[in-house]
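Please look over the sequence and the structure shown here before reading on. The report after them takes up a few parts of the chain in turn.

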Amino acid sequence: MGSVPEAGSGGPVVWFAHLVGAPPDAVYLILSLVFGFPLALIHRKTLYGKCPKKQHYYFALCGLLIALFNYGWSTINPIAAILATYFILKILGGTSNAVIVTFVFNMTYLLYGYYTTATEEYDIKWTMPQCVLTLRLIGLAFDVSDGQKKEDRLSESQKKTALREQPSLLETAAFCFFPGSFLIGPQFSMRRYLDYVNGKLIDTESDSEGNRKPPDSWQPGINRALVGFIYLAAYQFGTMYVSDQYLLSPEFEKVGFIKRCFLLGLWGRCNLYKYISCWLITEGVCIAFGLTYNGKDEKGVDKWNGCANVNLITFENATEFNHYIMSFNINTNHWCLEYIYKRLRFLGSKLYSQLVTLLFLSIWHGLHSGYYLCFFMEFIIMYLEKDLKPVLVKNEKLKNLLQESFLFRAIIWSILKVYTFVFMGYSLIPFVLLSYSRYIKVYSSFYFMGHVIFLSYPLVAPYIKKFLRPPRERQHTD
């Protein structure tokens, strides 16, 4: 075990990173997320409800400084993408050609970044905020294009995001560099951002000078971030017990198979907590700004979940993989639904649309083969669940047992919890380990059980369904 460097050796951030056993880049990231709170406080005290142009300058400058703090001269990359997208839309207008060129340019730029910076492990480099920015800029092109269409040609969700005019360069820069979301998201539309800055998102009271007062969102934002730090601590302690290196070690292969499955589930859970913790902190920042306002609930209480990226209740109580998809990385999933999946209707098949969407997500994540295998696992697992669940729900014997027996409900719940716990970890193996030589080693230690089960399902599905379906009642004739 390496010794902790003296304070000042490599700077205080590097010293603190070694002290807590975290990569320096990760500490820079967490500090940058937390910086959002003092920036939100300054905005609330000095700029909220005032001149939109001043707010745009403030957000663009703050985001730019955060980028420089983390990535130095590599900050030129998001600047280049923003400028290129702005001029593409300026020249081509809200046309389908503008959408195509914006899509191709930003995806190519991102993939070039992956190609030139990738290693065998997950890296916190300029490509991380660039992948967030890529979706934001592509979505902007779609929204400008939607704004040129007639109202009756737009879906309800498109009506809420369509832009009748192209935003200015300053508005685009502020939207992209918004300090609460530049590094890791959440995704939100330009329409939401402009409504927020122009005072249309939240109807708050005005002070004696006619300026709108900031919303009561500071404490909800702090509370959300504190939950994020709890998850961050859980991740830090969990990875001390079961790390990536442990899964790849000879010692792990010597552990009994049942315990190995439990450790795999724990490892997968901890890796998800890494993402959840960061999302909760940055969501807390966005709440503090007031950007996440989502109307009022049935009791008239303000809702601050407009940019929520994780639903903790659904996530922690998941008993099927669809629960994870519904509750995890919500904004990215919603973005893919609106800008990819729904716009593939011309394929004429939900299955094909889903495959193309998952392929896009794989490419967007990076060039490592692990991403493609992970999303392939998601596809085949979801195929099983969507195909089998209706048959199980219609089975009268199972339905009666679930209604009448608490013990049976408890047994089924336990089985489903173990199923999701273990196979979520199994599905994450290639996503986290990335390179073939690493994830194939871990899969081998589990005898490729997930692949065998889920890939063989289409072959055995007719027999399973025949067993579960009730026999047809014989028709009696007089």
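What follows goes through confidence, one helix, a pair of helices and a single glycine.

## Confidence in the model

This is a predicted model, and the mean pLDDT of the protein chain is 90, with 94% of its residues reaching 70 or more. Confidence is lowest in helix 1, residues 12–20, where the mean is 71, and highest in helix 8, residues 169–176, where it is 97.

Two stretches have a pLDDT below 50, and they should be read with care: over residues 1–9 the value is below 50, and this stretch has eight contacts in the model beyond near neighbours in sequence. Over residues 473–478 the pLDDT is also below 50, and here the model has zero contacts beyond near neighbours in sequence.

## Helix 3 and its surroundings

Helix 3 covers residues 52–71, and because each of its 20 residues is taken at 1.5 Å, the helix should span 28 Å, which agrees with the 28 Å found between its end C-alpha atoms. Just after helix 3 comes Gly 72, which takes a positive phi of about 55°.

Buried residues in helix 3 include Gln 55, His 56, Tyr 58, Phe 59, Ala 60 and Cys 62, and further along the helix Gly 63, Ile 66, Ala 67, Asn 70 and Tyr 71 are buried as well. The buried residues of helix 3 pack against helix 2 (24–46), helix 6 (127–146), helix 8, helix 9 (190–197) and helix 13 (257–289).

## Helix 18 against helix 20

The axes of helix 18 (residues 369–394) and helix 20 (residues 406–433) come within 6 Å of each other and cross at roughly 150°. Since angles over 145 degrees count as roughly antiparallel, helix 18 is roughly antiparallel to helix 20.

On the side of helix 18, the residues that meet helix 20 include Gly 370, Tyr 371, Leu 373, Cys 374, Phe 375, Met 377, Ile 381 and Glu 385, while helix 20 contributes Tyr 419, Tyr 426, Ser 427, Pro 430 and Phe 431. Sorted by class, this contact of helix 18 with helix 20 has ten nonpolar, two polar and one charged residues.

## Gly 450

Which residues, outside its neighbours within four places in sequence, is Gly 450 in contact with? Gly 450 lies in helix 22, residues 449–468, and leaving those neighbours aside, Gly 450 is in contact with Met 377, Phe 423, Tyr 426 and Leu 455. Met 377 and Tyr 426 also take part in the contact between helix 18 and helix 20.

Gly 450 counts as buried because its relative accessibility is 0%, and buried means under 20%. Although Gly 450 and Ile 381 are 69 residues apart in sequence, they are 9.1 Å apart in space, C-alpha to C-alpha.

Technical notes
Residues are numbered from 1 along each chain as its sequence is written. This is a predicted model: local features need pLDDT of at least 70, side-chain atom pairs count only at pLDDT 80 or more; totals for chains, interfaces and linings use all residues. Side-chain values use heavy atoms; hydrogens and water are left out. Axes are lines fitted to C-alpha atoms, for helices over the stretch in contact, and angles run from 0 to 180 degrees between N-to-C directions. Helices (H or I, at least four residues) and strands (E, at least two) are DSSP runs, numbered from the N terminus. Angles under 35 degrees count as roughly parallel, over 145 as roughly antiparallel, 65 to 115 as roughly perpendicular and the rest as oblique. Contact means heavy atoms within 4.5 Å. Ala, Val, Leu, Ile, Met, Phe, Trp, Tyr, Cys and Pro count as nonpolar, Asp, Glu, Lys and Arg as charged, and the others, Gly among them, as polar. pLDDT is the predictor's confidence in each residue, from 0 to 100. The expected span of a helix is 1.5 Å times one less than its number of residues. Buried means under 20% relative accessible area, exposed over 50%, partly exposed in between (1.4 Å probe, protein chains only).
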